[in-house]
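New to reading protein models? Let's walk through one together, a feature at a time.

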Amino acid sequence: MKLNLSGSRLYYILIWMLLSWKLAAQQPLQVSISNQMLVATDSTQPFWFVNGQYGKYAATGSWANLTDLYIGMQHTEKAYAGFSYAWGTNGVAVLSSQNEFMLNRLFAAVAWKGWELKAGTFYDPVLYAGLSTSNGNLARSGNTRPVPTIRLSTLGYKKMPFWQNWLSFKFEYDEGFLNDERYVANAHLHHKSLYGKFKLTQTAWLTAGFEHYVMWGGTSPVYGQLPDGWNDYWRYVFALPGDEDFLVTDQLNISGNQLGTYQLEFEKHFKTWNLTAYVSHPFEDNSGLNWRNWPDNLVGLFVDLKNEKGFVSHLVFEFTNTRQQGIRNSKDKEFDNYYNHGIYRSGFTYQGLPMSSPLFYPVNIENDIPMGIQSNRFYSFHTGVKGYLPENFAWKSMLTYVQHLGTYSAPYPETHNNFSGLIDLSWQNPEFPFEIGVAAALDINSHNGKNGGIQLKLAKSW
């Protein structure tokens, strides 16, 4: 059985130091356990059984049994006015054609007056009721196992001094370590984000921000050790060209593998429902920052019907387009290559899966090493709905159509038309000790044919 403890020695020394910190006030302990059985008609699992699941499942194999155990404590309300701490660990055991045990989460955090320092492997908050293809962000999804990370951030939005009635902000600064098998070994992953939330009226808000990622350092099989000194670090962080120690490509452009998104969101509350419209716009290196690739966006609409037990409680509609990639005409040879890179050839992947939207697929694998994304030019339509049936039955449905074109440098001879559907039903009764669930998924692919699957789930939380 394979043992995979995501992280490096430094991160886990910090984690156990934080866990051993004794505090007088104890938060309630949270425990959850689930067991899931997946069976597919093909040799791979359907798309929505595997993707957006934090890398817990392997796509390969017609069957799998997964046991997931989480133990942890959350912050108390003191995190916003005083001092608080949190921690958690999440073990996942998979029985399939490739048995595996992994610690998907292992983290500890301390917070003081709305600021948090967190170390380890941890999940980001789920947005839009978990119905979005990519959590509303082209570059940041819950599609892979968490990267071992140290993060300094705000706990949600903090009010700005002197503008507290109408402006608040949210901030993150991360340093991660890509410890998986990849083309450039031991590369680092820097990330930062900044959002401003503007109160337009008593019931309307506008949020604007950006996400910035940099893959830097590491050892290339062609170029050897890539620059990773202290002075080099700031060139990566501020997206500056490299000096004479860098590769020529980094001197002519900017340092490392730089990418990110602009994020825009409008939220309006009505008496009986809430509406949120959002846009995620990608950029690569300097291109995209100037909106030369303006047609490429994830555009979404989220509706919260404020009816937690209604037949329909939440809806999401999304359109994603990534076909243009900065190219201006048929003769233009200057274009982006979203989430692929000439030096960091594994691309924006981790553990063989895209860290970006899962709609960027499949990942090329050569000699067990990820070698970038095969198709990053596509458009898609997606809808997600969830709600409740009588007698404590919750349901969720996701339907996604994607037309893939390959990449500009390696286009598909014919477009690949893919349909992926999911229907999920769960039953939970306070008088019964377990939650019971069943889900069905279906993929229809013009290139690979059809594939269906069934998932059975048994879960318990304390």
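What follows is a short chat between a learner and a teacher.

Q: What kind of model is this, and how are residues numbered?
A: This is a predicted model, where local features need pLDDT of at least 70, side-chain atom pairs count only at pLDDT 80 or more, and totals for chains, interfaces and linings use all residues. Residues are numbered from 1 along each chain as its sequence is written, and side-chain values use heavy atoms, with hydrogens and water left out.

Q: How many helices and strands are there?
A: Helices (H or I, at least four residues) and strands (E, at least two) are DSSP runs, numbered from the N terminus. Here the protein has four helices and 26 strands.

Q: Where does His314 lie?
A: You'll find His314 in strand 17, which covers residues 314-321.

Q: Why does His314 count as buried?
A: Buried means under 20% relative accessible area, exposed over 50%, and partly exposed in between (1.4 Å probe, protein chains only). His314 has 18% relative accessibility, so the residue counts as buried. Across the protein, buried residues make up 52% of the 462 residues.

Q: Which side chains make a polar contact with His314?
A: A polar contact is a pair of N or O atoms within 3.5 Å; within protein, one must be able to donate a hydrogen and the other to accept it, and residues adjacent in sequence count only if both atoms are side-chain atoms. The side chain of His314 pairs this way with the side chain of Asp304 at 3.4 Å, and with that of Ser313 at 2.9 Å.
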